Amino acid sequence: MLSGRTPILILKEGTEREKGRDAQHNNIRAAMAIADAVRSTLGPKGMDKMLVDSMGDVVITNDGVTILKEIDVEHPAAKMIVEVAKTQDAETGDGTTTAVILAGELLKQAQDLLEQDIHPTTIADGYRMASIKAIQVLDDIALKVKPSDAATLKRIAETSLTGKVAGSNKELLADIAYKAVTAIMEKDGDDISVDIDNIKVEKKQGGSAEDTELIEGIILDKDRVHTGMPQSVKNAKILLLNTALEVGKTEIDAKIEITDPSQLQKFLDQEEQMIRDMVEQVKKSGATVLFCQKGIDDLAQHYLAKAGIFALRRVSEKDMKKLAKATGASILSDLDEITAKDLGKAGMVEERKIGDDKMTFVTDCKKAKAVSILIRGGTEHVVDEIERGLHDALGVIGVAIEDGKMVTGGGSAAVEIAMAARDYAATVGGREQLAIEKFADAMETIPRALATSAGMDPIDMIIGLHKAHADGHTHHGVNVYTGKIEDMKKLHVLEPLRVGRQAVRSATEVAIMILRIDDVIAAKSAGGGKGGGGGGMGMDEDFD
Ligand SMILES: Nc1ncnc2c1ncn2[C@@H]1O[C@H](COP(=O)(O)OP(=O)(O)O)[C@@H](O)[C@H]1O
Ligand SMILES: [Mg+2]
């Protein structure tokens, strides 16, 4: 039997540990620091951040998730907040700053309650109840939008692009995003699904942002392997190959001993013959275009060119899959197995000069509609910012179409939630009531931040918004350009319902998770990498 009163140490030397209030306090502070880092970027009037990495590379952006991905965050609670941004981005493509600010604010408000000795579990319960209410409110105030309603869906895209890309490009990008998403959406009865991964985005510095265009087909950032090959192929029959058109690159190391020159010649002849045979097989299949995932030997390039076959090498696996889908080709790993059925079809495969580079365009694909977007812009920063903006625009149009629902922005939905939550709190009573009220306050950090970004007084703004909403103006929010409280529906400041839902849900979840931690046990690891976490560690108590 275990006996005695000596403490049993189960943690390695150097392990750091924080308990109770200290742990909570530090976690909350770290989370708030992350929220503060992105707060000033919120909305069309949000500021940009210039990020310089350890290599001296500069990124200028006001995109929440980009900022958080770029900065190296150490603290475990801060990392959890960064995860919220990533989830928000993956699920909806937008609303990352909002989600992070909300999470930080929920924790800040919780701190007041902790100081009044309200138990974290009670706060967590209140927050959970409030978030359910919030989502109900969002569902109630949501407006319908149909996939065919191009004008409205483009407005949703424009809202997500505001403040991200130069104003003049907003309409163009919204238009491109709408066309791209509607081209690849899949209908199954009344269900529509959109997988924006099916839209290929390529960027090429040069020209100007207005040259950004939608291509009906697939663009590959590659030029043909041999200038003797045709520059364009009409009614292309496409072979997709994922083995190399080379010899001698065997998996096993073979050693060949050559004792006299004639042997060497024989060996080379043999190698050449093998390459010729390979090209002959490609030719015999009837293929006029070859996309090879691996390398193509110089000699093979020569013979392919002679055969009038257009070929690219080292095409990425992702692109091979897209090509297979769009052209109906199968990806083959064995030249002996080609049948006519395996070849894909496209109306045109051609190499075009874009800026200083050459790219390959596979258009008029026969099997499935494929679209690509070619981003142009004068500088690398412009191209990158357009890429990020486009990502948001594609995301919001996609989820708005999938759900068929949207809400108004400019803080209008947040105020509606806050006011409903306060009414609800009164009916709940007890200590949870206090937590629900704090949740309401946290929601209003969104219109506050928007007001602040526009140089308005946030308190006046909130008072004004309360009045407007009490008078039944559900869609009134902050017009950051005029400094007035206006109808966001009329101003077409629209967002997908899912963006708001996801932001409320994940901000609440992470706030609760962080609140419930009262013990941080961090292993002293070299890189500060994978510490903490594991269950059952917090028990180095005495056996009394
Ligand atoms: N024209 C506008 N007027 C007022 N608010 C706007 C306007 N356009 C966007 N917003 C608001 O800006 C916020 C989004 O800002 P953004 O910087 O894109 O952050 P996030 O990363 O959360 O999407 C939303 O609350 C949205 O309603
Ligand atoms: Mg946004």
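A: One definition before we start: a helix here is a DSSP run of H or I with at least four residues, a strand is a run of E with at least two, and both are numbered from the N terminus. Keep in mind, too, that this is a predicted model.

Q: Okay, how many helices and strands are in the protein chain?
A: The protein chain has 16 helices and 21 strands. Its C-alpha trace spans about 95 × 75 × 45 Å along the principal axes.

Q: How do I read the domains, and which ones does the domain assignment give?
A: A domain can be made of more than one stretch of sequence, as the assignment for this chain shows. Domain 1 takes 25–144 + 408–522, domain 2 takes 148–216 + 371–403, and domain 3 is 218–368. Taken over C-alpha atoms, the centres of domain 1 and domain 3 are 52 Å apart.

Q: And what about the inside: which residues touch the most other members of the largest nonpolar core?
A: In soluble globular proteins, nonpolar side chains tend to be buried together. In this chain, 44% of the 544 residues are buried. The largest nonpolar core has 146 residues, and Ala31, Ala103, Ala177 and Ile397 touch the most other members.

Q: Let's pick Ile397: what is it in contact with, leaving aside its neighbours within four places in sequence?
A: Ile397 contacts Leu153, Ile156, Ala157, Ala177, Tyr178 and Val181. For the whole chain, 75% of the contacts with a separation of 6 or more are between residues 24 or more positions apart.

Q: Now ligand 1: which residues are closest to it?
A: A good way in is to list what surrounds the ligand, then ask where those residues come from. Ligand 1 has 25 residues around it, with Gly43, Thr97, Thr98, Gly409 and Gly410 the closest. By type, the shell holds 7 nonpolar, 16 polar and 2 charged residues.

Q: Which elements each supply at least two residues of that shell?
A: They are α4 (96–115), α14 (445–453) and β18 (476–479). The largest share, 3 residues, is from α4.

Q: Why does ligand 1 lie between two domains?
A: Because domain 1 and domain 2 both give residues to the shell around ligand 1.

Q: Back to β18: which strand does it join, and how do the two run?
A: To read a pairing, look for the bridges and the direction. β18 is joined to β19 (residues 484–487) by 4 bridges, and the two run antiparallel. Val478 sits opposite Ile485 in β19. The two strands form a hairpin with 4 residues between them, and Gly483 in the turn has a positive phi of about 75°.

Technical notes:
Residues are numbered from 1 along each chain as its sequence is written. Chains are lettered from A and ligands numbered from 1 in the order in which they are written. This is a predicted model: local features need pLDDT of at least 70, side-chain atom pairs count only at pLDDT 80 or more; totals for chains, interfaces and linings use all residues. A residue is buried if 20 or more other C-beta atoms lie within 10 Å of its own, exposed if 12 or fewer, and partly exposed in between; C-beta atoms are placed from the backbone. Two residues are in contact if their C-beta atoms, placed from the backbone, lie within 7 Å. A nonpolar core is a set of buried Ala, Val, Leu, Ile, Met, Phe, Trp, Tyr and Cys residues joined through C-beta atoms within 7 Å. A residue is near a molecule or strand if its C-beta atom, placed from the backbone, lies within 6 Å of it. Ala, Val, Leu, Ile, Met, Phe, Trp, Tyr, Cys and Pro count as nonpolar, Asp, Glu, Lys and Arg as charged, and the others, Gly among them, as polar. Domain bounds come from an automatic or database domain assignment. Two strands pair if DSSP finds at least two bridges between them.
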